[in-house]
Amino acid sequence: MTDHAVGAPLRLDLWLAADRNISRSAAQALVAAGAVQVNGRPARAGQRIAERDSVIVAAPAAPAALPRAADAPDPLVALHVVYEDDMLAVIDKPAGLVVHPAPGHPDGTLADGLRQRGDVWSFLGGAERPGIVHRLDRSTSGLLVVAKTEAAHRSLSAQLAARTLGRTYWAMVWGGFTETTGEIDKPIGRDPRHRQRMAVVDRGRPAQTDFRVVERLGAVSVLDVTLRTGRTHQIRVHLASIGHPIVGDPVYGRRHDERAGRPALHARRLRLTHPGDGSERVIESPLPADLVELLEQARRGELR
């Protein structure tokens, strides 16, 4: 929530657009969502405001979740913020945390954690996805960037589209490689037989993944994986398609492979051009404890 004093009399939507560096239509949507108050009262986009007026902007309300028991409060979501400024933040997401509401997960998401912080986030993706520019699978840990302003959101989304927002993952996969580096260029779409899964399909969307072998550990290999596109489950599908499924992947991996407890995949590095000053920012995340333990098991030759 933010509270601003204003200058000369001006339409509220025009003042909001200038103050928050957003479009006029976005400012009007913010007012329509009930996120703006003037002098403690709900605002109207066309009302005139003057220097004596106080404008408070809060995050738009999220869509109604599924009914909860009267004595069951909304769960608090603690977020590990590794970088933050006036335009964006970078979150180090733990495995198991859902990024935004989805069927079966109406609350307790990263999006809820963002709203609970009390900050104002971009709502280009909708009120249920405050500031979220890209996502990670529930079972994947690591870094993702969220936007505080519409301008930052547009810039980061453009970087994703132009493939200049660099995302590098640590992955442990089954099998050995003769090559040191490789590229997987295969289209990905819905699996025609299992609609809840993705697959390499002829009429899928183009998808490119680059990998580099970091460590060879007998039955498994450790890779650095870089995305050039961002399809759903892209890394998991692509690596499985070349015979190297991710260790612990219950969907695309080996049957009865429960050693890791979840796919051994971690978004370890994020490289972006800052929307404000154009400088390059590189943020890194250490390997979480469960994957450190899995790596030690592999080095001891315990994965077979």
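Modeller: Before we start, a residue counts as buried when its relative accessible area is under 20%, exposed when that area is over 50%, and partly exposed in between. Keep in mind that we're looking at a predicted model.

Biologist: Fine, let's try that on T229: is it buried or exposed?

Modeller: T229 is found in the loop between β15 (220-227) and α5 (234-241). Its relative accessible area is 5%. The cut-off for burial is under 20%, so T229 is buried.

Biologist: Which residues does T229 touch, leaving out those up to four places away in sequence?

Modeller: Start with the polar partners. The side chain of T229 reaches the backbone nitrogen of Q208 at 3.0 Å, and a polar contact of 2.8 Å joins its side chain to that of Q234. With those two included, the list for T229 is R163, R167, P206, A207, Q208 and Q234.

Biologist: R163 is on that list; what is its phi?

Modeller: R163 is found in the loop between α4 and β10. With a relative accessible area of 45%, R163 is partly exposed. It isn't a glycine, yet its phi is positive, near 65°.

Biologist: And Q234 takes us into α5; how many of the 8 residues in α5 are buried?

Modeller: The buried ones are Q234, I235, R236, V237, H238 and L239. Just after the helix comes G243, with a positive phi near 85°. As for α5 itself, it's mostly covered, and the number of buried residues is 6.

Biologist: Which element gives the most to the lining of the largest pocket?

Modeller: The pocket has a volume of about 710 Å³. Of its 30 lining residues, the closest to the centre are R135, R167, G230, R231 and T232. Elements that supply at least two lining residues each are α4 (150-162), β10 (166-174), β12 (188-190) and α5. With 3 residues, the one that gives the most is α5.

Biologist: Now for the strands: how many bridges join β14 to β15?

Modeller: β14 covers residues 208-217. In the hairpin of β14 and β15 there are 2 residues between the strands, and G218 takes a positive phi near 70°. Across the pair, V213 stands opposite L223 in β15. The two strands run antiparallel, and the number of bridges is 8.

Biologist: β14 also pairs with β11; which residue in β14 is the bridge partner of D185?

Modeller: β11 (residues 181-185) and β14 pair in the antiparallel sense over 5 bridges. We've already met the partner, as its backbone nitrogen is reached by the side chain of T229. For D185, the partner in β14 is Q208.

Biologist: What about R212, what is its relative accessible area?

Modeller: R212 lies in strand β14. Not counting residues up to four places away in sequence, R212 touches T180, T181, V222, L223 and D224. The C-alpha atoms of R212 and F177 are 35 residues apart along the chain and separated by 10.0 Å. R212 is partly exposed, with a value of 40%.

Biologist: Which residue in β8 is the bridge partner of Y83?

Modeller: Strand β7 (residues 81-84) and strand β8 (residues 88-93) pair in the antiparallel sense over 3 bridges. They form a hairpin with 3 residues between them. The partner of Y83 in β8 is V90.

Biologist: N39 has a positive phi as well; what is its value?

Modeller: N39 sits in the loop between β3 (36-38) and β4 (41-42). Its relative accessible area is 44%, so N39 is partly exposed. Although N39 is not a glycine, its phi is about 55°.

Biologist: Last one, for the protein chain as a whole: what percentage of the 304 residues is buried?

Modeller: The protein chain has 6 helices and 17 strands. Its accessible surface comes to about 15000 Å², with 49% of that belonging to carbon and sulfur atoms. Of the contacts with a separation of 6 or more, 63% are between residues 24 or more positions apart. The buried share of the residues is 46%.

Note on methods: Residues numbered from 1 in each chain as written. Predicted model: local features only at pLDDT ≥ 70, side-chain atom pairs only at ≥ 80, totals over all residues. Heavy atoms only, no water. Helix = DSSP H or I, 4+ residues; strand = E, 2+ residues; numbered from the N terminus. Buried < 20%, exposed > 50% of the residue type's maximum accessible area, 1.4 Å probe, protein only. Contact = heavy atoms within 4.5 Å. Areas by Shrake-Rupley, 256 points an atom, 1.4 Å probe, with all protein chains shown as cover. Pairing = 2+ DSSP bridges. Polar contact = N/O pair within 3.5 Å; in protein donor to acceptor, adjacent residues only side chain to side chain. 1 Å grid on protein atoms, 1.4 Å probe; cavity = no way out; pocket = protein on both sides within 12 Å on 5 of 7 lines; lining within 4 Å. Points joined across faces, edges and corners; volume = space filled by probe spheres on them.
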